[in-house]
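Please open the model in your viewer and keep the selection tool at hand, since this tour moves from one stop to the next. At each stop you will be told what to select and what to look for there.

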Amino acid sequence: MNDLANPLLDFSGLPRFDAIRPAHVMPAVDALLADARAAVERVATDPQPATWNRVVEPIADALDRLDRAWSAVSHLNAVVNSPELREAYNASQPKLVAFYTDMAQDLRLYAKYRALRDAPAFAALEPAQRTLIDNELRDFKLGGAELPDADKARLKSLNEELADLSTKFEENTLDSIDAWAHYVDDAQGLAGVPADVLAAAQAAAEAEGKPGWKLTLQMPCYLPVMQYAQDRGLRRRLHEAYATHASELGANPAWDNGPVIERILVLRREEAVLLGYRNFAEVSLVPKMARTPAEVTAFLRDLASRARPFAKRDYADLLAFAREQLGLPDLAPWDLAFASERLKADRYSFSEQEVRQYFPEDQVLAGLFRVTETLYGVRIREASAPTWHPSVRFFDIVDGSGTLVGQFYFDLYARENKRSGAWMDDAINRRRSGASFQHPVAYLTCNLSAPAGGKPATFTHDEVLTIFHEFGHGLHQLLTRVDTAGVSGIQGVEWDAVELPSQFMENFCWEWDVLAHMTRQVDTGLPLPRELFDKMLAAKNFQSGLGTVRQLEAGLFDMLLHADFDPVARTPWASPRDLLEAVQKEVAVVPRAPYDRLLLSFGHIFAGGYAAGYYSYKWAEVLSADAYSLFEETGVLSPSAGARFRDEVLSRGGSRPAMESFVAFRGRPPQLDAFLRHNGMTVSS
Ligand SMILES: [Zn+2]
């Protein structure tokens, strides 16, 4: 197959999703890896003194092509998974891991970067270029460049096995979710479930030639059933299926993530020890804002002690309401979402489903774009590009003079063979090299309810928050002004600062001036009434104590699991589940079902990049709340505050430490006050 016949080897523009087939994956990956290995070899054996153009640029060229092709492949694998694609992906991934591990351990290359760092010319480089070289040296050390050969080989095989385990973990989760269904043929049994959820469930059954309704564990079905179904037995059935998926209690023991997790922990610990650290948490924190595991656990425990009284109050309210109003003397795990939704409706007299009618897709996107355009002086226009599914939309961002700044795909709806959750990923990174320039491109992926019954898609307010959140990540990637690959966009940004721009964007979903323009009742065409908005606002911090404590529990579990748990000696806890129990005793307020195995689908820390990093959400929320408080002071749609945020935070990416960017924007180090106030956790409120 020549280059032109394989669309994955065409770098003249956007990925050719209309032409990419699973059969293209392996030949493309093999060809690009061969190129990349050759580039590394040329640089490593170059007899000339190291300079930016002789070392960094040729490697960046090769890696950029490899990244672009692999990004398209892994994106497709996540959003239109198929057996053929999965096979091609799984066969290619170990080769990539092996290549990156080899490169990270290449002493000749390491010496080149050290020479760059020590040369007089270093001082004359751009700050972003200097940051890149410093990051490379740090990563060489973390990649084992200074290890003896035997340890290098061991580290490489550890990385390969860890990558396989991550993939296995995700496959188990996806397969066990997708394999489960519950068919209901009696409408009575679904009383309380919203009409659009029923319509989708009916269509799903019909597609299989079955009567009645097909219920699944995918969020747009699972969540509303748990929130609204009056049939307690039905809720219990779904809850049990969800809480046991990918576990030894699930439908298929082959999908049990338990052994996968055990192995991951053993290998991570071994890797840390090889690199000269005591545990994996220490390794994880090297490139982050937080300095030590102790600093993180102290941060989480401090927040937990502030949040727990509010969480206890939330839970006591819920128990009393369930007993008095719902006739539920004991609140079972499958009653929590249901009782919460009823309490919320009772206290604030509106439901998510009522609100949802005001958020049709086009209105929401128009509102999102209006905020973005006002704050950052850009324009967003729908455009066309080859995609992987007919429901995917594509947009250009242009600046005031009409110059293209970046482009993004919106893949909003949940469907089968698509990984659950919401995320942003880079398709192309901004880079300038000599005369060539490429603008950034991003994938924005959600799993929201698709249009049903001939009506446009409508989103719950939570789903709108998700869209804004992912779009915040997107803006970080797309509004970058950094030209150096490796530190442009979100590349090179500390993990615990990555959620700053995303959580920051969520704040706008709570502003009247934004919502008034972003809402239109699907039937009447009227905007959100002020009265309903006031109720939403009053309800905003409904159970925020419980929500905060849940996240702190997950964060503390993750940090202790990777810092203090010894997976070989099995101390000081006998198992991850024992540790989880200890953390729950310390932090949690709501008891869990004995069959609850949700730990086994904690993909962030076992398949994503959040291992010993889940605390980042709260860490970054403190930063984002404090950043947003400047907008509260100067006007929420203030173009001057927006310009400053773009200039000092969004456009800088990984080119300088996040703390520096924050202080440059806010004029001082971060404070807790705005976070506590936004969450209603101030004593006076
Ligand atoms: Zn995020």
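Does His469 count as buried or exposed? Select this residue in the model, which is a predicted one, and colour it by accessibility: His469 has a relative accessibility of 10%, and because buried means under 20%, His469 counts as buried.

**The zinc ion**

Keep His469 selected and add His473, which is buried as well, with a relative accessible area of 8%. Both histidines lie in helix H16, which covers residues 461-478, and they are four residues apart, about one turn of the helix. Now show the zinc ion together with Glu499, and you will have its protein donors on the screen: NE2 of His469, NE2 of His473 and two OE donors of Glu499, lying 2.1 to 2.7 Å from the ion. Along the chain, these donors follow the spacing H-x3-H-x25-E.

Why is the arrangement around the zinc ion irregular? The four donor atoms subtend angles of 53 to 140° there, whereas four donors count as tetrahedral if all angles lie between 85 and 135 degrees. For comparison, the ideal angle for four tetrahedral donors is 109.5 degrees.

**From Phe471 into the core**

Next, select Phe471 and display what surrounds it. Leaving aside neighbours within four places in sequence, Phe471 is in contact with residues including Leu368, Phe369, Phe408, Phe410, Leu444 and Met505. Phe471 is also one of the residues that touch the most other members of the largest nonpolar core, which has 140 residues; Phe408, Phe410, Ile467, Phe508 and Phe606 are named alongside it. If you then select helix H12, residues 293-325, you will see the element that gives this core its largest share, namely 12 residues. Another core lies apart from this one and has 57 residues, among them Phe17, Val40, Leu137 and Tyr443.

**Strand S9**

Finally, select strand S9, residues 441-448, where eight of the eight residues are buried. In a regular strand the side chains alternate between the two faces of the sheet. Here both faces are covered, with Val441, Tyr443, Thr445 and Asn447 buried on one side, and Ala442, Leu444, Cys446 and Leu448 buried on the other.

Add the strands that pair with S9, beginning with S5, residues 404-413, which pairs with S9 in the parallel sense over six bridges, and where Tyr413 stands opposite Leu448. Then add S6, residues 423-428, which is joined to S9 by five bridges and runs antiparallel to it, with Asp425 standing opposite Tyr443.

Notes: Residues numbered from 1 in each chain as written. Predicted model: local features only at pLDDT ≥ 70, side-chain atom pairs only at ≥ 80, totals over all residues. Heavy atoms only, no water. Donors = N, O, S within 2.8 Å, 3.2 Å for Na, K, Ca; no water. Tetrahedral: all angles 85-135°; square planar, octahedral: opposite > 155°, others 65-115°. Helix = DSSP H or I, 4+ residues; strand = E, 2+ residues; numbered from the N terminus. Buried < 20%, exposed > 50% of the residue type's maximum accessible area, 1.4 Å probe, protein only. Core = buried A, V, L, I, M, F, W, Y, C linked by side-chain atoms within 4.5 Å. Contact = heavy atoms within 4.5 Å. Pairing = 2+ DSSP bridges.
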